[in-house]
Structures are given as structure tokens and as C-alpha cells.
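Colleague: Got a minute to walk me through this one? I'd like to get a feel for the fold before lunch.

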Amino acid sequence: MDGAPVYDRDNCPVERTLALLAGKWRLMVLFRLAPGPVRFNALVRSLAPVSRRVLTVTLRALEDDGLIVRRVRPGVLPHVEYALTARGAALGPVFEAMAQWHVGGAPAPRPPGRPDGRVPASAP
């Protein structure tokens, strides 16, 4: 060996974080919860077109990972709300950095169509 550091994928903090946040809806759920607790139905509406089942699975996984907490509020009609834990709230600066990156000249999103950005020709 030439003394270069050996890359250890299992202990790389960036890869471990990316694996924790991977999933189509995870980051969007965390972002929606950043301002404060949100009821389940409000999350469904704000994350359309996510299905209730997919959202439930995502919320359970985020809860298992310690990023959110589920609270049942008692009352005549009890309701469930979700909130970020301290660990989940620590992602706030990441969301702020993402917003600044976008405002500061991030590439424009590609139009719908093929992965290369080209829109398929319409059928006659």
C-alpha cells in the first residue's frame, strides 16, 4: 500500500446518512414536518400523490430510525400527529442549505420526459 486512506463504505458518515434518508418520500416528509407537528391527513394532502399506505410505511420507518415521533392526541375524536425528534430537527440546516443552493444558481429541473431531458415527439 502507498499510505493512502482506505475507503470504508460502512463507516462513511455521508453514505450512512444518504442510506438513512433514501426513499422517494422520506426527505419530503421530514421537510413538511420541519415547521412543527402535522396531522396524518394534512401530510397526505401536502404530499399528493402519495398513497396513504406508502405514507404510513414511510412514517413508521422514520419513527423506527428515530427521526420522527408519533403522538396520539386524546379527545372526543382522537387524532394522530407527527413531529420531528431532535435528531430529525437537526436536518433543518440541511434544508436551508438546499434552498440556498437552489436560489444561488442550481440547474433548472429537467422537463418531464426522458431521463436525458428530451421530450418525446407527440404521436400523430
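Colleague: Let me start somewhere odd. Leaving aside neighbours within four places in sequence, which residues is Leu 91 in contact with?

Modeller: Leu 21 and Leu 30, once you skip anything within four places in sequence. Bear in mind that this is a predicted model.

Colleague: And where does Leu 91 lie?

Modeller: In a loop, the one between helix H5 (86–89) and H6.

Colleague: Is Leu 91 buried or exposed?

Modeller: Buried, because its relative accessible area is 13%, and the cut-off for buried is under 20%. As for Leu 67, which sits 24 residues away along the chain, its C-alpha is 9.4 Å from that of Leu 91.

Colleague: OK, zoom out. How many helices and strands are there in the protein chain?

Modeller: There are 6 helices and 3 strands. Reading from the N terminus, the order is α-α-β-α-α-β-β-α-α.

Colleague: In what order do the strands sit in the sheet?

Modeller: S1-S3-S2, an open sheet with antiparallel pairing. S1 and S2 are the edge strands with a single partner each, so each has one side without a neighbour in the sheet.

Colleague: How many bridges join S2 to S3?

Modeller: 6, between S2 (residues 68–73) and S3, running antiparallel. Ile 68 is opposite Leu 84, Val 69 has Ala 83 as its bridge partner, and Arg 71 pairs with Glu 81. The connection from S2 to S3 is a hairpin, made through 5 residues.

Colleague: And how many bridges join S1 to S3?

Modeller: 2 bridges there, again antiparallel, with S1 covering residues 38–39 and S3 covering residues 79–84. In that pairing, Val 38 has Tyr 82 as its bridge partner.

Colleague: Which strands does helix H2 lie across?

Modeller: S1, S2 and S3. H2 takes in residues 26–33, and its angle to S3 is about 95 degrees.

Colleague: Let's talk about the core. Which residues have the most contacts inside the largest nonpolar core?

Modeller: Leu 30, Leu 33, Leu 43, Leu 55, Leu 59 and Ile 68, in a core of 20 residues. At least two core residues come from each of H2, helix H3 (40–46), helix H4 (52–64) and S3.

Colleague: Pick Leu 59. What is it in contact with, leaving aside neighbours within four places in sequence?

Modeller: Leu 59 is in contact with Val 29, Phe 40, Leu 43, Ile 68 and Tyr 82.

Colleague: Phe 40 caught my eye. Where is it found?

Modeller: In helix H3. Phe 40 counts as buried because its relative accessible area is 15%, and buried means under 20%.

Colleague: What does Phe 40 touch, not counting residues up to four places away in sequence?

Modeller: Arg 52, Leu 55, Thr 56, Leu 59, Val 80 and Tyr 82. Take Val 80: it is 40 residues from Phe 40 along the chain, and their C-alpha atoms are separated by 6.3 Å.

Colleague: Switching topic to backbone oddities. Which residues does a cis peptide bond join?

Modeller: Ala 48 and Pro 49, with omega at about 20 degrees. Pro 49 is in the loop between H3 and H4. I'd flag that one since most peptide bonds are trans.

Colleague: What about phi? Which residue takes a positive value just after H6?

Modeller: Gly 105, at about 115 degrees. Most residues other than glycine have a negative phi.

Colleague: And how many residues does H6 itself have?

Modeller: 12, running over residues 92–103. From first C-alpha to last, H6 reaches 17 Å, close to the expected 16 Å.

Colleague: Last bit, the overall numbers. What percentage of the residues count as buried?

Modeller: 23% of the 124 residues in the protein chain. The exposed area is about 9300 Å², with 60% of it supplied by carbon and sulfur atoms.

Colleague: What share of the contacts with a separation of 6 or more comes from residues 24 or more positions apart?

Modeller: That share is 40% for the protein chain.

Key:
Residues numbered from 1 in each chain as written. Predicted model: local features only at pLDDT ≥ 70, side-chain atom pairs only at ≥ 80, totals over all residues. Heavy atoms only, no water. Helix = DSSP H or I, 4+ residues; strand = E, 2+ residues; numbered from the N terminus. Expected span 1.5 Å × (residues − 1). Pairing = 2+ DSSP bridges. Contact = heavy atoms within 4.5 Å. Axes fitted to C-alpha atoms, helices over the stretch in contact; angles between N-to-C directions. Buried < 20%, exposed > 50% of the residue type's maximum accessible area, 1.4 Å probe, protein only. Areas by Shrake-Rupley, 256 points an atom, 1.4 Å probe, with all protein chains shown as cover. Core = buried A, V, L, I, M, F, W, Y, C linked by side-chain atoms within 4.5 Å.
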